[in-house]
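Work through the exercises below with the model open in your viewer. Try each task before you read its solution.

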Amino acid sequence: MPNSTRKAAAGKPSHKWPLVIRFFWQRTAGEGRVKQVERSWRESLHRRCAIRAMASFLAGSPFLRAQRDPVRDHSRVPRLSELRTVFDFEPVAYARLPRQIYDFTAYGADGEFTLRRNREAFEWVDLVARTVADVSSISTTTEVLGTKMEFPIMVAPSSGHLALYPEGEAATHAGCTAAANTTLISSHVASLPIEKIMAAAKGPVWFQLYPRQDMSENQKVLEQVQAAGVRAVVVTVDQQASAYERALHDRNITNPAAAGPPPRNPYGIRENRLWYEWKLFDELRRYVHVPMLAKGIVTAEDARLCLEHGLDGIYVSNHGGRSLDYEPATLEVLPEIVGAVQGRVPVLIDGGFRRGSDILKALALGASAVCVGRPQRWGLAAYGAPGVERVLQILQTELRLAMAASGRASLASIDKTLVRTYFP
Ligand SMILES: Cc1cc2nc3c(=O)[nH]c(=O)nc-3n(C[C@H](O)[C@H](O)[C@H](O)COP(=O)(O)O)c2cc1C
């Protein structure tokens, strides 16, 4: 500090000392002594050292580090009302789950091209609005295979919810019911028995089956779930990867004991799904007395075969990019499947749906309803049943907004003229 400034500073009354301390010290040591100490403190090297030490402590502090990382932030879980889009739930779920459990939900097959492409495809579809239209009341109600729905949005089957939240699928079902009675498609490999899931809430439940080669096993499961009151059966036929790269890598970065036994042969084909033939549906039909759909259909040819084998609905899916990598996005193949089906049965679709406008695009391309997979898992992991409810409510609200903005007041008014597609 230059001498002139120093003198000026020394002459002025100091505001830096608390007044009480200054008063008593002034009384005992005298004004001159106080000024002397103040001056030496202001100029001292020790002060600068102290500030530097404090700054480096803060820079290295674990508290500060946690605050700086927006993704893995255990220090603060946002309130549910702070989350605005479905995407917002993923980082909260990530922060709350062990790494390998989070990755189990996130990963796709191999290099995850199809996983990314499922999302990317929405960017290849424009929405062409009709702006002069009466949208003062928006109607989204529909009925799919006898199940009444307030929105054409359903929850896709996904396995093992207990790993995400202590109440597992019971909480998922409660969240679905709270969100305008959304239909839950309960997975064959749910962590709770169907009776417990259905007892948790009143909303409609469909059942997803992974068929077994031994028909008596299928019969047993199908009788059990129909007795419990499921309203439709979805038979999943896509062949999933035998092992996922992220899971294999996770074995190196997490506790191998917690990761479970190593896959028997990560480069082998999953043996439990090698025997599928179309006659499977004819055989299953003997035990299914509610509507039956095939899930995992991605070509027009297979859609036609579904009709020949008496299926009541077609579910377009590439298992959320977890089946064969480099498959096209489901949105891309939807038009050819809708074309092949010619309105004879409803067509459901899933794969990357995260916004109301995504759902609107699929409806315009001919889907009867859209299913969401990962988002409600994020909601469940992050907040339990209220998280599932909120994820679905966001999608429902966004769909209504997108319908209003595009001048379509009802589902019946949503057609191909609403979209322009630029699929490669
Ligand atoms: C963690 C996880 C588990 C899944 N488990 C099943 C299952 O048990 N049965 C099934 O038919 N599909 C299952 N799927 C696929 C979903 O039903 C759905 O096809 C996919 O998640 C949709 O894509 P999205 O996650 O991008 O919405 C699972 C998907 C994920 C991410």
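**Exercise 1: an aromatic pair across the chain**

Y326 is exposed, at a relative accessible area of 60%. Exposed means over 50% relative accessible area, buried under 20%, and partly exposed in between (1.4 Å probe, protein chains only). This is a predicted model: local features need pLDDT of at least 70, side-chain atom pairs count only at pLDDT 80 or more, and totals for chains, interfaces and linings use all residues. Residues are numbered from 1 along each chain as its sequence is written, and side-chain values use heavy atoms, with hydrogens and water left out.

Task: Classify the aromatic pair of F113 and Y326, and place both residues in the chain.

Solution.
- Step 1. Apply the rule: rings of Phe, Tyr and Trp (its six-membered ring) pair if their centres lie within 6.5 Å; planes under 30 degrees apart are stacked, over 60 edge-to-face, and the rest tilted. By this rule the count comes to seven aromatic pairs.
- Step 2. Check F89 and Y383. Their ring centres are 6.1 Å apart and their planes stand at 85°, so this pair is edge-to-face.
- Step 3. Locate them. F89 is in helix α6 (residues 89–96) and Y383 in helix α18 (residues 374–383), so the pair ties together parts 294 residues apart in sequence. Helices (H or I, at least four residues) and strands (E, at least two) are DSSP runs, numbered from the N terminus.
- Step 4. Read the exposure. F89 is buried at 0% relative accessible area, and Y383 is buried at 15%.
- Step 5. Turn to F113 and Y326. This pair is stacked, with 4.6 Å centre to centre and 15° between the planes.
- Step 6. Place them. F113 lies in helix α8 (residues 113–120), and Y326 in the loop between β9 and α16 (330–341), 213 residues apart. F113 is partly exposed, at 23% relative accessibility.

**Exercise 2: strand β8 and its partners**

Task: Is strand β8 (residues 292–297) enclosed or open, and which strands pair with β8?

Solution.
- Step 1. Count burial. Six of the six residues of β8 are buried, so the strand is largely enclosed by the rest of the structure.
- Step 2. Find the pairings; two strands pair if DSSP finds at least two bridges between them. Strand β7 (residues 233–236) pairs with β8 in the parallel sense over four bridges. V234 has L293 of β8 as its bridge partner.
- Step 3. Take the other pairing. β8 and strand β9 (residues 313–316) are parallel too, over four bridges. Here I297 stands opposite V316 in β9.
- Step 4. Trace the connection. From β8 the chain crosses through helix α15 (residues 300–308) to β9, in a right-handed β-α-β crossover. Right-handed means that, with the strands pointing away from the viewer, the path from the first strand over the helix to the second runs clockwise.

**Exercise 3: the nonpolar cores**

Task: Which residues of the largest nonpolar core touch the most other members, and which helix gives the most to this core?

Solution.
- Step 1. Define the set: buried Ala, Val, Leu, Ile, Met, Phe, Trp, Tyr and Cys residues joined through side-chain atoms within 4.5 Å.
- Step 2. Rank the members. Of the 92 residues in the largest core, I314, L331, L334, I337 and F353 touch the most others. Helix α19 (residues 385–405) gives the most, with nine residues.
- Step 3. List the contacts of L334 (heavy atoms within 4.5 Å). Apart from neighbours within four places in sequence, they are V316, V347, I349, A362, L365 and A367.
- Step 4. Look for another core. A second, separate core has 13 residues, among them M154, A232, V234 and L348.

**Exercise 4: charges over rings**

Task: Which rings lie under the charged ends of K295 and R322?

Solution.
- Step 1. Set the test: NZ of Lys or CZ of Arg within 6 Å of the ring centre and within 35 degrees of the ring normal.
- Step 2. Apply the test. K295 has its charged end over the ring of Y315, 5.3 Å from the centre. R322 lies over the face of Y244, 5.4 Å from the ring centre.
- Step 3. Look around Y244. F104, Y107 and Y244 form one aromatic cluster.

Methods:
Contact = heavy atoms within 4.5 Å.
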